[in-house]
Amino acid sequence: MTGHRTLEGTIGYRERFKDRAAKNHFREEQHLWLSSIGTGTYLGNPDDETDARYTAAISRAVELGGNVIDTAANYRFQRSERAIGKALGQLTEAKGFSRDEIVICTKGGYLPFDGAPPRDIRSYVEETFVKPGIASFEDIVGGSHCMTPSYLQNQLEQSLRNMNLACVDVYYIHNPESQLGHVSDEEFYTRLRAAFESLEQWRAEGQLTSYGVATWNGFRVPLGSSGYHSLARMVEIAREVGGEAHGFRFIQLPFNLAMPEALTLSNQTFGSHQVSTLEAAAGLGVTVISSASIFQGRVAQGLPQDLRETLGSLSTDAQSAIQFVRSAPGLTTALVGMSTLEHVDDNLQLVSVEPLPVERFMQLFSAT
């Protein structure tokens with residue numbers, strides 16, 4: 001499938017919902033219009049039944065107003081990417097959507113199995129990555145993570161094949177903090193520079209349009225902690241290798257009712273100030289996407305009644321938890337794992353609900 005997301009395409013997508021979507025459901029970022037709720041594809045069994053459910057759920061989410069889709073090569077042993085490819089085929093061939101309306105994001109870094117876990121993991125890694133010269137055992141950190149240029153190139157090409165795409169819209173290095181603890185900070189940033197140089201090359205060649213890092217702890221821990229990432233340093237490296245028009249424009253991190261550090265922890269340096277990751281990203285021109293918006297269901301049940309009322313007395317705790325995330329200032333899209341039509345229909349009711357005003361959100365946050 002040729003093409004990629006465009007401003008014109010995402011404007012057209014937003015226009016499809018002009019009579020149904022709340023004013024601030026769509027957000028303009030990086031010359032695109034992104035939905036405030038996106039589809040995640042992390043969880044689920046590696047079987048045909050789950051594949052079919054994901055394909056249907058992804059398609060339905062796009063039909064209901066969510067044009068951001070997120071995955072990774074290792075999610076469900078490459079099956080999630082393949083389900084996305086099938087859903088995109090349905091959307092473009094039978095349901096009237098075009099490729100340039102939809103923002104497809106994937107990740108590379110962890111060693112992915114193919115459809116199911118192999119019987120002998122070491123032999124699989126040796127035959128799949130080492131013998132072909134894609135990565136050496138020395139390149140693989142902790143037995144599972146690699147971000148050398150040759151490995152990332154292999155993974156990007158594999159992801160494009162899995163989804164039947166010519167170009168991916170956002171390509172993340174997946175949990176780069178996995179390298180820290182095994183290599184020094186300086187070696188880490190040397191490796192990151194090499195990765196960014198290659199990502200800029202593939203961007204110029206048309207295989208991706210933007211790139212970034214998708215983290216779990218990197219932006220959530222205090223300055224100086226093990227596994228810490230400096231967003232300003234990453235942007236500086238991107239500018240050095242790609243100029244002012246560099247492609248490092250997205251980061252992904254967990255943000256939810258139980259994990260608010262992106263907003264509450266002043267762990268990033270911006271100019272002469274210590275600010276939160278969300279503030280630093282806004283100042284540096286980087287778009288923030290939330291993973292774990294309902295924390296795998298752990299913040300989607302049993303919410304206090306007063307909290308639910310403040311969030312708008314929505315139908316379900318899951319909706320309330322998503323509303324919290326999509327209302328955070330500086331956060332663009334709340335990713336929610338949705339592998340069933342029931343969950344999609346329930347969660348995407350929020351398309352017609354206005355996110356909380358910033359003032360009300362901050363009052364709520366201060367209260368919690």
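This is a friendly conversation about buried residues, contacts, a cavity and pockets in a predicted model.

Colleague: Why is Cys105 called buried?

Modeller: Buried means under 20% relative accessible area. Cys105 has 4% relative accessibility, so Cys105 counts as buried.

Colleague: And what makes Cys146 buried?

Modeller: The reasoning follows that cut-off of under 20%. Cys146 has 0% relative accessibility, so Cys146 is classed as buried too.

Colleague: How do you know that Cys105 is in no disulfide?

Modeller: A disulfide needs a pair of cysteine sulfur atoms within 2.5 Å. A search of the whole structure finds zero disulfides. For Cys105, the nearest cysteine sulfur belongs to Cys167 and is 11 Å away.

Colleague: Where else does Cys105 turn up?

Modeller: Cys105 helps to line the largest cavity, along with Leu34, Val68, Val103, Val170, Tyr172, Phe250 and Ile289. Strand 5 (103-108) and strand 6 (168-174) are the elements that give two or more residues to this lining.

Colleague: What makes this a cavity rather than a pocket?

Modeller: In a cavity a 1.4 Å probe fits but cannot get out, whereas a pocket is an open set of points. The search of the whole structure finds one cavity of 30 Å³ or more, and the volume of the largest cavity is about 30 Å³.

Colleague: What classes of residue make up the lining of the largest cavity?

Modeller: That lining has eight nonpolar residues, with no polar and no charged ones. Cys and Tyr count as nonpolar here, so Cys105 and Tyr172, both in the lining, fall in the nonpolar class.

Colleague: Let's turn to the pockets. How much space lies in the largest pocket?

Modeller: The largest pocket holds about 710 Å³ of space. Its lining has 33 residues, and the closest to its centre are Tyr42, Leu43, Ala292, Gln296 and Gly337. Strand 12 (333-337) and helix 12 (341-347) each supply at least two residues of that lining.

Colleague: How do the residues lining the largest pocket divide by class?

Modeller: There are 14 nonpolar, 16 polar and three charged residues in the lining of the largest pocket. Gly is counted among the polar residues, so Gly337, one of those closest to the centre, belongs to the polar class.

Colleague: What lines the second largest pocket?

Modeller: The second largest pocket has a volume of about 300 Å³. Its lining is made of 21 residues, and Arg27, Ala328, Pro329, Gly330 and Leu331 lie nearest its centre. Helix 9 gives the largest share of the lining, three residues. By class, the lining divides into 12 nonpolar, five polar and four charged residues.

Colleague: Is Arg16 buried or exposed, or does it fall in between?

Modeller: Partly exposed lies between the limits of 20% and 50%. Arg16 has 35% relative accessibility, so Arg16 counts as partly exposed. Arg16 is in helix 1 (residues 7-16).

Colleague: How do you know that Arg16 makes a polar contact with Gly96?

Modeller: A polar contact needs a pair of N or O atoms within 3.5 Å. A polar atom of the Arg16 side chain lies 2.7 Å from the backbone oxygen of Gly96. Arg16 also touches Phe97 and Glu101.

Colleague: What makes Ser293 buried?

Modeller: Ser293 has a relative accessible area of 1%, so Ser293 is buried. The cut-off is under 20%. Ser293 sits in the loop between strand 11 and helix 10 (305-310), and a polar atom of its side chain lies 2.8 Å from the backbone oxygen of Leu335. The residues in contact with Ser293 include Phe255, Asn256 and Val299.

Colleague: Why is His229 called buried?

Modeller: His229 has a relative accessible area of 0%, so His229 is buried. His229 lies in the loop between strand 7 (208-214) and helix 7 (231-242). A polar atom of its side chain lies 3.3 Å from the backbone nitrogen of Glu177.

Colleague: What is there to notice about the phi of Arg76?

Modeller: Arg76 is a residue other than glycine, and its phi is positive, near 50 degrees. Arg76 lies in the loop between strand 4 (68-70) and helix 3 (79-93). Its relative accessible area is 4%, so Arg76 is buried. Gln78 lies in the loop between strand 4 and helix 3, and Gln78 has a positive phi of about 75 degrees although it is not a glycine.

Technical notes:
Residues numbered from 1 in each chain as written. Predicted model: local features only at pLDDT ≥ 70, side-chain atom pairs only at ≥ 80, totals over all residues. Heavy atoms only, no water. 1 Å grid on protein atoms, 1.4 Å probe; cavity = no way out; pocket = protein on both sides within 12 Å on 5 of 7 lines; lining within 4 Å. Points joined across faces, edges and corners; volume = space filled by probe spheres on them. Helix = DSSP H or I, 4+ residues; strand = E, 2+ residues; numbered from the N terminus. Buried < 20%, exposed > 50% of the residue type's maximum accessible area, 1.4 Å probe, protein only. Contact = heavy atoms within 4.5 Å. Polar contact = N/O pair within 3.5 Å; in protein donor to acceptor, adjacent residues only side chain to side chain. Lists of a residue's contacts leave out its neighbours within four places in sequence.
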